[in-house]
Amino acid sequence: MSENNLEWDLCIFCQTNSKDEPLQNPTAGKCSISGDGYFTMCSNIQIKSMKCLPMAVNSSLIGEIIARLMKSHQARWHECCSNMFKKL
Ligand SMILES: [Zn+2]
């Protein structure tokens with residue numbers, strides 16, 4: 001896992017920028033609290049990932065860690081890729 005280099009300039013989910021739709025950056029062009037979009041996204045992601053964990057952990061803590069990591073790298077994604085996490 002540590003040998004996989006995530007390209008933060010690409011969509012963090014599909015790791016391409018070749019789709020027709022532009023990459024979404026939740027911190028760009030919004031007046032709301034910076035990072036809000038990341039926390040929204042992470043709350044969707046953590047629900048999926050929690051099912052794979054062998055023990056109960058603090059889900060909000062995991063969400064915050066992921067969100068901070070995404071925010072520090074200004075993670076971007078395709079809307080269609082992120083939508084896959086909303087269909088739970
Ligand atoms: Zn994508």
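1. Burial first. Of the 88 residues in the protein chain, 18% are buried. Keep in mind while reading on that this is a predicted model.

2. On secondary structure, the protein chain has three helices and zero strands. Going along the sequence, the pattern reads α-α-α. For orientation, α1 covers 36-50 and α2 covers 59-72, while α3 covers 79-86.

3. A word on contacts. Take the pairs in the protein chain that are at least 6 apart in sequence: 67% of those contacts join residues at least 24 apart.

4. Now the core. The largest nonpolar core has nine residues: Cys11, Ile12, Tyr38, Met41, Cys42, Ala67, Met70, Ala75 and Trp77. Two elements, α1 and α2, each give two or more residues to this core. The largest share is that of α1, with three residues.

5. I'd look at α2 next. This helix has 14 residues and runs 20 Å from its first C-alpha to its last, close to the 20 Å expected at 1.5 Å a residue. Its buried residues are Gly63, Ala67 and Met70. Those three sit on the same side of α2, because they cover an arc of only 65° around the axis. Leu61 and Ser72, on the other side of α2, are exposed. Two of the buried residues, Ala67 and Met70, also turn up in the largest nonpolar core.

6. What follows α2? There you find glutamine 74, whose phi is positive, near 50°. Glutamine 74 belongs to the loop between α2 and α3, and the positive phi is worth a look, as this is a residue other than glycine. Glutamine 74 counts as partly exposed because 13 other C-beta atoms lie within 10 Å, where 12 or fewer would make a residue exposed and 20 or more would make it buried.

7. Glutamine 15 is another one to check. Its phi is near 60°, again positive in a residue other than glycine. You'll find glutamine 15 in the segment before α1. Its surroundings hold 13 other C-beta atoms within 10 Å, so glutamine 15 is partly exposed.

8. Tryptophan 8 also has its place in the segment before α1. With 14 C-beta neighbours inside 10 Å, tryptophan 8 is partly exposed. Leaving out residues up to four places away in sequence, tryptophan 8 touches His73 and Ala75. One of these partners, Ala75, is a member of the largest nonpolar core. As for glutamine 74, its C-alpha is separated from that of tryptophan 8 by 7.5 Å, though the two residues are 66 residues apart along the chain.

9. Finally, confidence. The protein chain averages a pLDDT of 77, and 72% of the residues score at least 70. Which element has the lowest confidence, and which the highest? The lowest is α1, at a mean of 73, and the highest is α3, at 84. Where pLDDT is low, the predicted coordinates should not be read in detail. I'd keep the α1 mean of 73 in view when going back to the core, given that α1 supplies three residues there.

Key:
Residues numbered from 1 in each chain as written. Predicted model: local features only at pLDDT ≥ 70, side-chain atom pairs only at ≥ 80, totals over all residues. Helix = DSSP H or I, 4+ residues; strand = E, 2+ residues; numbered from the N terminus. Contact = placed C-beta atoms within 7 Å. Core = buried A, V, L, I, M, F, W, Y, C linked by C-beta atoms within 7 Å. Expected span 1.5 Å × (residues − 1). Arc of directions from axis to C-beta. pLDDT = per-residue confidence, 0-100.
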